[in-house]
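Student: Please take one part of this structure and describe it closely. I should be grateful for each term to be explained as it is used.

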Amino acid sequence: MKLSEIVAALDLEVRAGADHLDREVTGAYASDLLSDVMGHASEGALWITLQVHQNIVAVAVMKSLAGIVLVKNREPDEATMRKAEEEEIPLLISSLGAFELAGKLFGMGLSGS
Amino acid sequence: MEPRYGKTQELLYELKIEQVMRTDVVTIASDATMSELREILREHSISGVPVVDGDELVGLASIEDLIRWLSSREPDCAVHEQMTRDPECLHADQPLVHALRRFDESGFGRFPIVERASGRMVGILTKGGIIEGVLRKLEREFKEEEIRAYRVSHIFEDLLADYKEIYLTYNVPGKDFDRAGSASTRMKRNLKRLGIRPDIIHRLAIASYEAEMNVVIYTDGGTMEYRISPHEVILRVRDRGPGISDVEEALRPGWSTAEPWVRDLGFGAGMGLPNIKKCADKLEIDSHPGRGTTLKMRIFTGEADEAQ
Ligand SMILES: Nc1ncnc2c1ncn2[C@@H]1O[C@H](COP(=O)(O)OP(=O)(O)OP(=O)(O)O)[C@@H](O)[C@H]1O
Ligand SMILES: [Mg+2]
């Protein structure tokens, strides 16, 4: 499923990487612990988190993730947006909490690892 | 002359019509008027369109038909009165060389492309489309060629020595969360460029990032050294930090001394070292309290057929 389809279906706001929404999303992973994501998220997964610090971009790059969704309307730091734009990582915002968002994505056919 | 065209000719045989045809086909209905045809051709800057009724292809209306109609000074009429009926079609799965031959023999400017099984129109092919398609393919092959030339295996083959390695080092400033991860992200880019296998890049990326973050979080800085040789990558991460008093314990999943503010940033799960251990083929940790820590990991890079 394309990232752009998810953005449209779940009404996500795009804060960075708007040119890279044609990426294929192969799964999703929800976690706020960076090492957990490093160890367990799979390549091409969409990452659901409430972390807004720029370190999340480096993690997404290192793991070749499809993008990052910040939950509960959390606003990313200025530096996070800049870095995401630079590194071509889509940075999205959802009004839902992690539980509801994960539920919707699961319902759309995405799975964990 | 012939040999100079070798590569292009090869491409013409290799490429299928469906790889270069336009699929967003502009069409017109047979009962549309000639002035409507003129508008459509102008609007899309094209020189002809398939005439389609419902699902069925019934003709081809081109700029030649339009000019003939204009110069006859007849009143506006339906496209089906001026169009070419039963136009010759080509199949999507035919090689491009066949299409080129048909263009030459027929003198036509465009062919509707149909799917062999269903007979459904799936695209349109013009000479311009062929040129574009071949150029695109050439560019893609050129890029792949460039990466291949970079590949470690090639570099190592080209250099003459008894022992060869690529040596890259990075400085990692301590406590600088703004630049944290930059050594690993830059290194990942290099590894891709060097054509290292993706699954190995993935393992190196994890191990490298975790080690870098530990230096950023727990020390005042250190260095990361990568040694890339034909069959393995060795990564040595050194710092002059506080050291780890019990390495055994530090390696246990969940064990962490991260301070609360570091945990707020998402670190401190106590999974960094376990992740490294899982990704490296060999891991040595040499740590002296008060003097610093050195991590040495080795990851074998052998091709799939000679792996480990
Ligand atoms: N370079 C280092 N210098 C000093 N102590 C270190 C170093 N690397 C790791 N440690 C110690 O080992 C512990 C475990 O490290 P590990 O990377 O496994 O987990 P963490 O850094 O605490 O959390 P995480 O990596 O999951 O964010 C750390 O909390 C720290 O006490
Ligand atoms: Mg760590």
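Tutor: A polar contact is a pair of N or O atoms within 3.5 Å; within protein, one atom must be able to donate a hydrogen and the other to accept it, and residues adjacent in sequence count only if both atoms are side-chain atoms. With this rule we may examine the site of ligand 1, where a polar side-chain atom of Thr257(B) lies 2.5 Å from an oxygen atom of the ligand.

The model is a predicted one, in which local features need pLDDT of at least 70 and side-chain atom pairs count only at pLDDT 80 or more, whereas totals for chains, interfaces and linings use all residues. Residues are numbered from 1 along each chain as its sequence is written, chains are lettered from A and ligands numbered from 1 in the order in which they are written, and side-chain values use heavy atoms, with hydrogens and water left out.

Two further polar partners belong to chain B. An N or O atom in the side chain of Tyr218(B) is 2.8 Å from an oxygen atom of ligand 1, while Gly268(B) places a backbone N or O atom 2.7 Å from an oxygen atom of the ligand. The protein covers 96% of the 590 Å² of accessible area that ligand 1 has on its own (Shrake-Rupley method with a 1.4 Å probe).

Around ligand 1 there are 22 residues, each having a heavy atom within 4 Å of the ligand. Those that come nearest are Ser35(A), Ser256(B), Thr257(B), Gly268(B) and Leu273(B). Because residues from chains A and B surround ligand 1, the site is shared between chains.

The shared site leads to the interface itself. There, 20 residues of chain A are in contact with 22 residues of chain B, contact meaning heavy atoms within 4.5 Å. About 1,900 Å² is buried between the two chains, and carbon and sulfur atoms give 53% of this; buried area is the accessible area (1.4 Å probe) that two parts lose on being put together, summed over both. Ser35(A), together with Met38(A) and Met62(A), supplies 32% of the area that chain A buries against chain B, more than any other three residues.

Across this interface the rule finds 1 salt bridge, that is, a side-chain nitrogen of Lys or Arg within 4 Å of a carboxyl oxygen of Asp or Glu. Glu87(A) and Arg189(B) form it, their closest N and O atoms being 3.0 Å apart. The interface also holds 10 residue pairs in polar contact, with both residues at pLDDT 80 or more.
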